[in-house]
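Trainee: I should be grateful for a close look at the disulfides, set in the context of the fold. Which parts of the chain does each one link, and is each cysteine buried or exposed?

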Amino acid sequence: AIHSPVLLLALACAKQAPPGDTASLVDSAADTSADTADTAGDTGHTGTVDPGVCGVWSGVQRAGTAWTYVPSDAYVATYGMDGSFVTTVTAIDNDVVTLSTEGRYDGANGYFHFVRVDTWRCDDQGAWWTGSTAQSDGVSGSNTIAQEGWRSFEPGWLVRPWTLELGTSWADSFALTSAVNGSEPEVVNATCTSTVIDEQNRVVGAGTFPALLVDHACTGVSLDDPWLAEGTGLVENDDELLERFVP
């Protein structure tokens with residue numbers, strides 16, 4: 001997941017850690033928001049994939065493309081909460097892609113629910129994450145929590161390069177601006193070096209996917225290391241697993 005000292009929301013990725021009695025609804029999921037994978041019961045992507053506006057590693061195929069994710073066993077064991085979230089491509093306007101996410105997690109001591117909208121700018125280099133807005137609410141014990149916030153990446157964060165293979169590496173530098181509950185925006189100068197470090201078949205609820213593992217080494221921001229599949233996007237990280245994909 002992506003974390004920021006000022007914005008403890010699901011602005012970076014969909015899944016979050018459960019709310020604490022004195023804490024916010026904390027972002028602790030993976031990936032930038034939304035990615036893609038195959039239909040439940042499939043055996044992963046085969047054949048030629050239309051790269052679309054963002055490239056094959058984004059998984060974005062059309063308005064209506066949707067991914068359903070569930071938490072990993074490790075996440076459920078750590079936080080005692082289970083649930084799911086769905087990310088849907090709601091609009092493609094020339095080179096700008098809008099992805100909308102909604103999810104809910106429940107546990108013995110409460111729940112959290114969140115809605116997030118991400119924007120990607122796509123070009124011949126791939127998909128650049130440019131910003132998110134999010135709202136979250138929940139209950140932890142006797143406490144009720146509600147938050148809203150936003151973040152932007154200027155000029156953008158290249159989260160889905162057009163071309164990936166084992167050993168591929170790229171560097172990003174951007175200004176991360178964020179605010180929560182109407183606070184003054186905070187600006188952090190962030191840098192990331194991303195490298196493809198492994199290649200494996202990954203088995204998740206949506207099928208079996210030949211996938212590449214991307215290691216993100218960042219300052220000023222963090223992002224869970226994703227397993228990405230060609231034609232699918234995010235299929236797995238430490239906290240979330242692709243359960244279903246609608247191309």
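Mentor: I begin with the chain as a whole. Among the contacts (heavy atoms within 4.5 Å) with a separation of 6 or more, 59% are between residues 24 or more positions apart. The model is a predicted one, in which local features need pLDDT of at least 70 and side-chain atom pairs count only at pLDDT 80 or more, while totals for chains, interfaces and linings use all residues. Residues are numbered from 1 along each chain as its sequence is written, and side-chain values use heavy atoms, with hydrogens and water left out.

The protein contains one helix and 12 strands; these are DSSP runs, of H or I over at least four residues for helices and of E over at least two for strands, numbered from the N terminus. Read from the N terminus, the order of elements is β-α-β-β-β-β-β-β-β-β-β-β-β. Of its 247 residues, 52% count as buried, where buried means under 20% relative accessible area, exposed over 50%, and partly exposed in between, with a 1.4 Å probe and protein chains only. The exposed surface is about 9800 Å², of which carbon and sulfur atoms supply 49%; accessible areas come from the Shrake-Rupley method with a 1.4 Å probe, and for residues only the protein chains shown count as cover.

Now to the part in question. A search of the whole structure returns two disulfides, each defined as a pair of cysteine sulfur atoms within 2.5 Å. With the bonded cysteines numbered in sequence order, the pairing is 1-2, 3-4.

One disulfide connects Cys54 with Cys122, at an S to S distance of 1.9 Å. The torsion about their S-S bond is about 75°, so this disulfide is right-handed. Cys54 belongs to the segment before strand S1 (66–71) and Cys122 to strand S4 (residues 110–123), so the pair ties together parts that are 68 residues apart in sequence. Cys54 counts as buried because its relative accessibility is 0%. Cys122, at 4% relative accessibility, is likewise classed as buried.

The other disulfide is formed by Cys192 and Cys218, whose sulfur atoms lie 2.1 Å apart. Here the torsion about the S-S bond is about 115°, so the disulfide is right-handed. The link spans distant parts of the chain, as Cys192 is in strand S8 (residues 186–204) and Cys218 is in strand S9, 26 residues apart. Cys192 is buried, at 2% relative accessibility, whereas Cys218 is partly exposed, with a relative accessible area of 23%.

The surroundings of Cys54 merit attention. Val56 also lies in the segment before S1 and is buried, with a relative accessible area of 13%. Leaving aside residues up to four places away in sequence, Val56 touches Val49, Asp50, Pro51, Ala229, Glu230, Gly231 and Thr232. Val56 and Ala229 are 173 residues apart along the chain, yet their C-alpha atoms are separated by 8.4 Å.

After this segment comes strand pairing, which requires that DSSP find at least two bridges between two strands. S1 runs antiparallel to strand S2 (residues 81–93), joined by four bridges, and Ala66 stands opposite Thr88 in S2. S2 in turn pairs with strand S3 (residues 96–107) in the antiparallel sense over 12 bridges, with Ile92 opposite Val97 in S3. These two strands, S2 and S3, make a hairpin with two residues between them, and Asn94 in the turn has a positive phi of about 60°.

The nonpolar interior completes the context. A nonpolar core is a set of buried Ala, Val, Leu, Ile, Met, Phe, Trp, Tyr and Cys residues joined through side-chain atoms within 4.5 Å. The largest such core has 48 residues, and those with the most contacts inside it are Trp67, Val97, Trp120, Trp157 and Leu242. Strand S9 (residues 207–219) contributes the largest share of this core, five residues. In soluble globular proteins, nonpolar side chains tend to be buried together.

A polar feature may be added. Asn237 sits in the loop between strand S11 (233–236) and strand S12 (240–246) and is buried, at 4% relative accessibility. Its side chain makes polar contacts, that is, pairs of N or O atoms within 3.5 Å; within protein, one must be able to donate a hydrogen and the other to accept it, and residues adjacent in sequence count only if both atoms are side-chain atoms. The side chain of Asn237 reaches the backbone nitrogen of Asp239 at 2.8 Å and that of Glu240 at 2.9 Å.
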